[in-house]
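Student: I have not worked with this structure before, and I would like to go through it step by step. Could we take it as a series of questions, with the reasoning given each time?

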2 protein chains.
Amino acid sequence: MAIRLARGARLVVATHNPGKVPEIAALLEGRFNLVSAGELNLAEPDETESTFVGNAVLKARAAAEASGLIAIADDSGLSVAALGGDPGIYSARWAGPTKDFALAMAEVETKWRATGSDDPHCWFTSALAVSWPGGPVVAVEGQVHGALTFPARGARGFGYDPIFTPEGSALTFGEMEPSAKDAISHRARAFEKLKAALF
Amino acid sequence: MAIRLARGARLVVATHNPGKVPEIAALLEGRFNLVSAGELNLAEPDETESTFVGNAVLKARAAAEASGLIAIADDSGLSVAALGGDPGIYSARWAGPTKDFALAMAEVETKWRATGSDDPHCWFTSALAVSWPGGPVVAVEGQVHGALTFPARGARGFGYDPIFTPEGSALTFGEMEPSAKDAISHRARAFEKLKAALF
């Protein structure tokens, strides 16, 4: 037997953000019957691991064990070379409890300028994990490399998108059409790997 | 495409302990062509994660990326309920650089007695991870529950085996025939799950 996600399976999405469910449903091509961890009143585990894959695995396993359903979780963020990979797994936490990414982007700019480095290299990472209750967990990771861009540009996307210009592009993720971003994003690459592994 | 480990594949075992390779070869039923991370001079990554699965995933991914080969890693340990799960992922570290498990078992006894608890509940966990370079990582976990047993009994097995009596047994793992231990051990359960997922 090899691992495979059967079409029509009921999956719990390990998020308490209801907006994420339709987005993930679309990325999974509508193949599954999705419910969120929030709808099932599952507790949110502490993200104690030091890597994106580690935290995605931890969240997926916790949701699978608590629900008895196959669970999918993601973890993602922006890593800046001159900051030793920060904010990295702390990307969401830098935005604070109100999820203020204008504040988080200003923090990245302040810290990057304080280093005195002129190296703008940074990358987005998206980790995805699928866990079977009592069974295996499968994880993948996608990345896209690019350059820090100040001042921020564009109102599209979310998170750190307005300060990220992907390699080979003149536009930031915040300026790009969703379809153009989706063609090259860390998230899209992670979902492609997940599909290659499990569909 | 579903994930599957093809018979005859060349796998790197993410360990610098040469004794582990033949043991893992036997557990994998001789299906693969194994080489150790030590033979390939791969660096040992820091075990920075907070869970067994997290550390197995981290070690397997590091070995796969460094070698370009499919990698398999394990992480295991003893968790004591009255010690909040300690030594857990620190099980090997409690034995110190000389891998002195008599010292580590004495430390467990001292700490457990200091709690004043009479709850002997403890469990062994074995996590296994298989990582493809640039691709997915698959992880599983097996456990066996039992009771702390002082004084230690038996000279078989290794690590904390002499102070662990599995549920339903009168003998410690240190006293059991290898075949009897292998029928119920955390490690055997993890390998059964791995085979069910990938063979």
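**Aromatic rings, charges and the two chains**

Tutor: B:F124 is buried, with a relative accessible area of 4%, and since this is a predicted model, every value we discuss is computed from it.

Student: Which residue forms a tilted aromatic pair with B:F124?

Tutor: A search over all chains finds 12 aromatic pairs. In the tilted one, the ring centres are 4.6 Å apart and the planes stand at 55 degrees. One partner lies in strand β4 (residues 121–131) of chain B and the other in strand β6 (residues 164–166) of chain B, so the pair ties together parts that are 40 residues apart in sequence. The partner is itself buried, at 0% relative accessibility, and the residue asked for is B:F164.

Student: What is the angle between the planes in the stacked pair of B:F124 and B:F173?

Tutor: This pair also links distant parts of the chain, because B:F124 is in strand β4 whereas B:F173 is in the loop between β6 and α5 (178–184) of chain B, 49 residues apart. B:F173 counts as buried, at 1% relative accessibility. The ring centres lie 5.9 Å from each other, and planes under 30 degrees apart count as stacked; here the angle is 5 degrees.

Student: Over the ring of which residue does the charged end of B:K111 sit?

Tutor: Charged ends are found over rings in chain B, and one of them belongs to B:K181, which sits over the ring of B:F158 at 4.7 Å from its centre. For B:K111, the distance to the ring centre is 4.5 Å, and the ring is that of B:W94.

Student: How many residues apart in sequence are A:R187 and A:E23?

Tutor: The two form a salt bridge, with their closest N and O atoms 2.0 Å apart. The pair links distant parts of the chain, with A:R187 in helix α6 (residues 186–198) and A:E23 in helix α1 of chain A, and the separation is 164 residues.

Student: Is A:R187 buried or exposed?

Tutor: A residue counts as buried under 20% relative accessible area. Its partner A:E23, at 31%, is partly exposed, whereas A:R187 has a relative accessibility of 9% and therefore counts as buried.

Student: Where do B:R113 and B:E109 both lie?

Tutor: These residues form a salt bridge in which the closest N and O atoms are 2.8 Å apart. B:R113 is partly exposed at 48%, and B:E109 is likewise partly exposed, at 24%. They are 4 residues apart, about one turn of the helix, and both lie in helix α4 (residues 101–115) of chain B.

Student: Which residue of chain B meets A:R61 in a salt bridge?

Tutor: Across the interface of chain A and chain B there are 2 salt bridges, out of 29 found over all chains. In the one with A:R61, the distance from N to O is 3.1 Å, and the partner is B:E141.

Student: What area do chain A and chain B bury between them?

Tutor: The size of an interface is often given as the accessible area lost when the parts come together. The contact takes 26 residues from chain A and 27 residues from chain B. Of the buried area, 48% is on carbon and sulfur atoms, and the total is about 1,900 Å².

Student: What rotation superposes chain A on chain B?

Tutor: The superposition has an RMSD of 0.0 Å, and the shift along the axis is 0.0 Å, with a rotation of 180 degrees. The two copies are thus related as by a two-fold rotation axis, and the rotation asked for is 180 degrees.

Technical notes
Residues numbered from 1 in each chain as written. Chains lettered and ligands numbered in written order. Predicted model: local features only at pLDDT ≥ 70, side-chain atom pairs only at ≥ 80, totals over all residues. Heavy atoms only, no water. Least-squares fit on C-alpha atoms with pLDDT ≥ 70 in both. Phe/Tyr/Trp six-rings, centres within 6.5 Å; stacked < 30°, edge-to-face > 60°. Helix = DSSP H or I, 4+ residues; strand = E, 2+ residues; numbered from the N terminus. Buried < 20%, exposed > 50% of the residue type's maximum accessible area, 1.4 Å probe, protein only. Lys NZ or Arg CZ within 6 Å of the ring centre and 35° of its normal. Contact = heavy atoms within 4.5 Å. Buried area = accessible area lost by both parts, 1.4 Å probe. Salt bridge = Lys/Arg side-chain N within 4 Å of Asp/Glu carboxyl O.
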